[in-house]
Structure formats: structure tokens, C-alpha cells
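Me: I've got a model open and I'd like to learn how to read it feature by feature. Can you walk me through it?

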Amino acid sequence: MNGVFVTGSNTEVGKTTVSVEIIKQLRKKRKVVVRKPVETDCKWVDGRCFPKDAMKLNEACASGESLSQVCPYCFELEASPEEASLDLSLIHISEPTRRS
């Protein structure tokens with residue numbers, strides 16, 4: 001298996017909870033990395049993004065990747081990524097890790 005994609009029809013429907021359980025099972029036999037390209041309803045502390053779902057996913061896979069690589073786009077507004085990105089004053093973009 002080269003990848004698993006988890007999707008849901010709304011917020012708070014259990015995507016992260018299910019994903020964490022899938023990660024736990026997959027980690028028993030293989031290396032797992034996660035990507036949550038965009039997260040909304042992020043908290044900002046001292047200029048750093050704290051995307052709570054991406055943090056849970058990253059902790060579950062224990063890959064050692066930086067949070068900014070797992071989730072490079074964080075928005076404060078709790079809305080769809082499209083809606084959250086419309087108001088430029090609300091956009092905060094984490095510095096993605098670049099491979100050399």
C-alpha cells in the first residue's frame with residue numbers, strides 16, 4: 001500500500017480519530033508519514049502555529065518530521081480552507097521545510 005486518504009463530509013465527524021487509529025495499526029508493520037496540507041481553527045502562540053489535528057496525526061506516526069512539513073498552511077478562522085483563505089488578514093502560513 002502506498003497511501004491512505006481519509007475524508008469526511010463535515011467538521012467534527014471523526015476524520016482525525018479514525019486516522020490516528022489507522023496510523024497505529026499501520027505503524028506495527030511499516031513506516032508511516034502524514035500530511036494535512038491545510039488546517040483551519042488553528043491557535044497561534046508566540047508567532048507559531050498549533051494545528052491540533054495535525055499535531056495528533058504527527059504524534060501518532062512518530063516520524064520525526066516537523067509540524068510545518070506535516071501541515072504547511074494554518075488558518076485561524078474556523079471555516080472551510082477555501083473560506084478561511086479569502087480574508088488575507090487571517091492567513092498565517094507556516095514555513096514549509098524544503099528538501100535540498
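Me: Let's start with empty space. How much space lies in the largest pocket?

Reply: The general idea comes first: rolling a probe the size of a water molecule over the atoms shows where empty space is left. Bear in mind that what we have here is a predicted model. In this case the largest pocket holds about 1,400 Å³ of space. Its lining counts 42 residues, and those closest to the centre are Val6, Lys15, Ser19, Lys36 and Leu57.

Me: Which elements give two or more residues to that lining?

Reply: Those are H1, S1 and H2. H1 has the largest share, with eight residues.

Me: And how does the lining of the largest pocket divide by class?

Reply: There are 17 nonpolar, 13 polar and twelve charged residues in the lining.

Me: Let me step back to the fold. What pattern does the chain follow along the sequence?

Reply: Reading along the sequence, you get α-β-β-β-α-α-β-α-β. That comes to four helices and five strands. Of the 100 residues in the chain, 30% are buried. For contacts, look at sequence separation: among those with a separation of 6 or more, 56% join residues 24 or more positions apart.

Me: Now a single helix. Which residues of H2 are buried?

Reply: H2 runs over residues 52-61, and its buried residues are Asp53, Ala54, Leu57, Asn58, Ala60 and Cys61.

Me: Why do those residues end up on the same side of H2?

Reply: Start with the geometry: an α-helix has 3.6 residues a turn, so residues three or four places apart point the same way. Here the buried set covers an arc of only 160° around the axis, and therefore sits on the same side of H2.

Me: What do the buried residues of H2 pack against?

Reply: Their partners are helix H1 (15-26), strand S1 (38-39) and helix H3 (67-70). Take Ala54 as one of the buried residues of H2. Ala54 counts as buried because its relative accessibility is 0%. Setting aside neighbours within four places in sequence, Ala54 is in contact with Lys36, Glu39, Leu67, Val70 and Cys71. If you want a distance to check on screen, the C-alpha atoms of Ala54 and Cys42 are 10.0 Å apart, with their positions twelve residues apart along the chain.

Me: Is Glu59, in helix H2, buried or exposed?

Reply: Glu59 is exposed, because its relative accessible area is 60% and the cut-off for exposed is over 50%. From Glu59 to Ile23 it is 10.0 Å, C-alpha to C-alpha, across 36 residues of sequence.

Me: On to the largest nonpolar core. Which of its residues touch the most other members?

Reply: The core has 13 residues, and Ile23, Val34, Leu57, Cys61 and Cys74 touch the most other members. H1 and H2 are the elements that give two or more residues to this core, and H2 gives the most, with four. Cys61 is worth a closer look: leaving out residues up to four places away in sequence, Cys61 touches Ile23, Arg27, Val32, Val33 and Val34.

Me: How about the backbone? Which residue just after H2 takes a positive phi?

Reply: As background, most residues other than glycine have a negative phi. The residue just after H2 is Ala62, with a positive phi of about 50°. Ala62 belongs to the loop between H2 and H3. Asp41 is another case, with a positive phi of about 60° although it is not a glycine. You'll find Asp41 in the loop between S1 and strand S2 (43-45).

Me: Why does Asp41 count as buried?

Reply: Asp41 counts as buried because its relative accessibility is 18%, and the cut-off is under 20%. Thr40 is also in the loop between S1 and S2, and Thr40 counts as buried at 16%.

Me: What does Thr40 touch?

Reply: Not counting residues up to four places away in sequence, Thr40 touches Phe75, Leu77, Glu78, Ala79, Ser80, Pro81 and Ala84. For a distance, try Glu83, which sits in helix H4 (residues 81-86). The C-alpha atoms of Glu83 and Thr40 are separated by 9.7 Å, with the two residues 43 apart along the chain. Glu83 itself counts as partly exposed, at 47% relative accessibility.

Technical notes. Residues are numbered from 1 along each chain as its sequence is written. This is a predicted model: local features need pLDDT of at least 70, side-chain atom pairs count only at pLDDT 80 or more; totals for chains, interfaces and linings use all residues. Side-chain values use heavy atoms; hydrogens and water are left out. Buried means under 20% relative accessible area, exposed over 50%, partly exposed in between (1.4 Å probe, protein chains only). The arc is that of the directions from the helix axis to the C-beta atoms. Contact means heavy atoms within 4.5 Å. On a 1 Å grid over the protein atoms alone, a cavity is a set of points where a 1.4 Å probe fits but cannot get out, and a pocket is an open set with protein on both sides within 12 Å along at least five of seven lines; lining residues have an atom within 4 Å of a point. Grid points are joined across faces, edges and corners, and a volume is the space filled by probe spheres set on the points. Ala, Val, Leu, Ile, Met, Phe, Trp, Tyr, Cys and Pro count as nonpolar, Asp, Glu, Lys and Arg as charged, and the others, Gly among them, as polar. A nonpolar core is a set of buried Ala, Val, Leu, Ile, Met, Phe, Trp, Tyr and Cys residues joined through side-chain atoms within 4.5 Å.
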